[in-house]
Amino acid sequence: MDENLDDVLAAVGPRLKALRLRRDVTLTALAAATGISVSTLSRLESGQRRPNLELLLPLAQAHQVPLDELVGAPATGDPRVHLRPITAYGMTIIPLTRKPGGIQAYKHIVPAGPVEEPNPQVHEGYEWLYVLNGKLRMVLGARDLVLGAGEAVEFDTRVPHWFGRADGQAVEFLSLFGSQGERMHIRARPAAGKSPGT
């Protein structure tokens, strides 16, 4: 393994501990906030447990810091936010929000390819999807829907759900996700005294 990577990983534990102490948070409180056991948190901080994304992402969210801060990524010198795409579930997911916690926005790009067999999943949260291009197939509980460009759907992610390309063609969509069940509020009526179209 690259020595530089070893050094980066070795520095994560002390950085996590310093951040927790600076925020005056106990291991027990942090375990409750992240769902990570006290013993795992303790081993992470002492360097006895190797950090991974599964552990670091909830910690970054709990501490309300970017993931870069936990791993000590060097500053680029460029003040612009550089969003790093994630490839998962056969699609490219581009984060559109930087601040951890609260409602998160993403752009999803599913490339053209074979229509996949749905594999519904459940997790905590609430999600809103808006199709930009193509046709999105969405399985939500017992429903099997096809959404076209300009259509939106919102749902509780505790209901088994899956989404992917509907017809083998590429599809792009936006999502807003609240891990704590936050819901998006839309004002859809015209301002007082105005009729639609004026």
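Partly exposed describes a residue whose relative accessible area falls between the buried range, under 20%, and the exposed range, over 50%. Proline 14 has a relative accessible area of 49%, so proline 14 counts as partly exposed. With that in hand, here's a quick tour of what is a predicted model. The chain has 198 residues, and 30% of them count as buried. There are five helices and nine strands, and reading along the sequence you meet them in the order α-α-α-α-α-β-β-β-β-β-β-β-β-β. Among contacts with a separation of 6 or more, 61% are between residues 24 or more positions apart.

**How H2 packs against H3**

- Two packed helices are described by the angle between their axes and the distance between the axes.
- Take helix H2 (residues 27–34) and helix H3 (residues 38–46): they pack at an angle of about 110°, and their axes are 9 Å apart.
- That angle is why H2 counts as roughly perpendicular to H3.
- As for handedness, H2 passes H3 in a right-handed crossing.
- On the H2 side, the contact is made by Leu27, Thr28, Leu30 and Ala31, and they meet Val38, Leu41, Ser42 and Glu45 of H3.
- Sort those residues by class and you get five nonpolar, two polar and one charged.

**How H2 packs against H4**

- H2 also packs with helix H4 (residues 53–63), at an angle of about 110° and with the axes 9 Å apart.
- Here too the angle tells the story, so H2 is roughly perpendicular to H4.
- H2 brings Leu30, Ala33 and Thr34 to this contact, while H4 brings Pro58, Leu59, Ala62 and His63.
- By class, the contact of H2 with H4 has five nonpolar, two polar and no charged residues.
- Leu30 is worth spotting in the structure: it is listed in the contact with H3 and again in the contact with H4.

**Salt bridges**

- Side chains of opposite charge can pair when their charged atoms come close.
- A search of the whole structure turns up five salt bridges.
- One of them joins arginine 20 and glutamate 45, with the closest N and O atoms 2.6 Å apart.
- This pair links distant parts of the chain, since arginine 20 sits in helix H1 (residues 3–22) and glutamate 45 in helix H3, 25 residues apart.
- Arginine 20 has a relative accessible area of 8%, so arginine 20 is buried.
- Its partner, glutamate 45, is at 10% relative accessibility and therefore counts as buried.
- Glutamate 45 is also one of the H3 residues in the contact with H2.
- Another salt bridge brings together the side chains of glutamate 116 and arginine 165, at 3.4 Å from N to O.
- This one links distant parts of the chain as well: glutamate 116 is in the loop between strand E3 (103–110) and strand E4 (126–133), arginine 165 is in strand E8 (residues 161–165), and the two are 49 residues apart.
- Glutamate 116 is partly exposed, with a relative accessible area of 36%, whereas arginine 165 counts as buried at 6% relative accessibility.
- Arginine 158 forms a salt bridge with aspartate 156, and the closest N and O atoms of that pair are 2.6 Å apart.
- With a relative accessible area of 52%, arginine 158 is exposed.

**Residues to look up**

- Back to proline 14: you'll find this residue in helix H1.
- Proline 14 and serine 46 are 32 residues apart in sequence, but in space their C-alpha atoms are 7.0 Å apart.
- Aspartate 24 is in the loop between H1 and H2.
- The phi of aspartate 24 is near 55°, a positive value in a residue other than glycine.
- Aspartate 24 has a relative accessible area of 71%, so aspartate 24 is exposed.
- Threonine 97 sits in the loop between strand E2 (91–95) and E3.
- At a relative accessible area of 28%, threonine 97 is partly exposed.
- Leave aside neighbours within four places in sequence, and threonine 97 is in contact with Ile103, Gln104 and Ala105.
- Threonine 97 and leucine 176 are 79 residues apart in sequence, with a C-alpha to C-alpha distance of 9.8 Å.

How values were computed:
Residues are numbered from 1 along each chain as its sequence is written. This is a predicted model: local features need pLDDT of at least 70, side-chain atom pairs count only at pLDDT 80 or more; totals for chains, interfaces and linings use all residues. Side-chain values use heavy atoms; hydrogens and water are left out. Axes are lines fitted to C-alpha atoms, for helices over the stretch in contact, and angles run from 0 to 180 degrees between N-to-C directions. Helices (H or I, at least four residues) and strands (E, at least two) are DSSP runs, numbered from the N terminus. Angles under 35 degrees count as roughly parallel, over 145 as roughly antiparallel, 65 to 115 as roughly perpendicular and the rest as oblique. A crossing is left-handed if the near helix is turned anticlockwise from the far one by less than a right angle, and right-handed if clockwise. Contact means heavy atoms within 4.5 Å. Ala, Val, Leu, Ile, Met, Phe, Trp, Tyr, Cys and Pro count as nonpolar, Asp, Glu, Lys and Arg as charged, and the others, Gly among them, as polar. A salt bridge is a side-chain nitrogen of Lys or Arg within 4 Å of a carboxyl oxygen of Asp or Glu. Buried means under 20% relative accessible area, exposed over 50%, partly exposed in between (1.4 Å probe, protein chains only).
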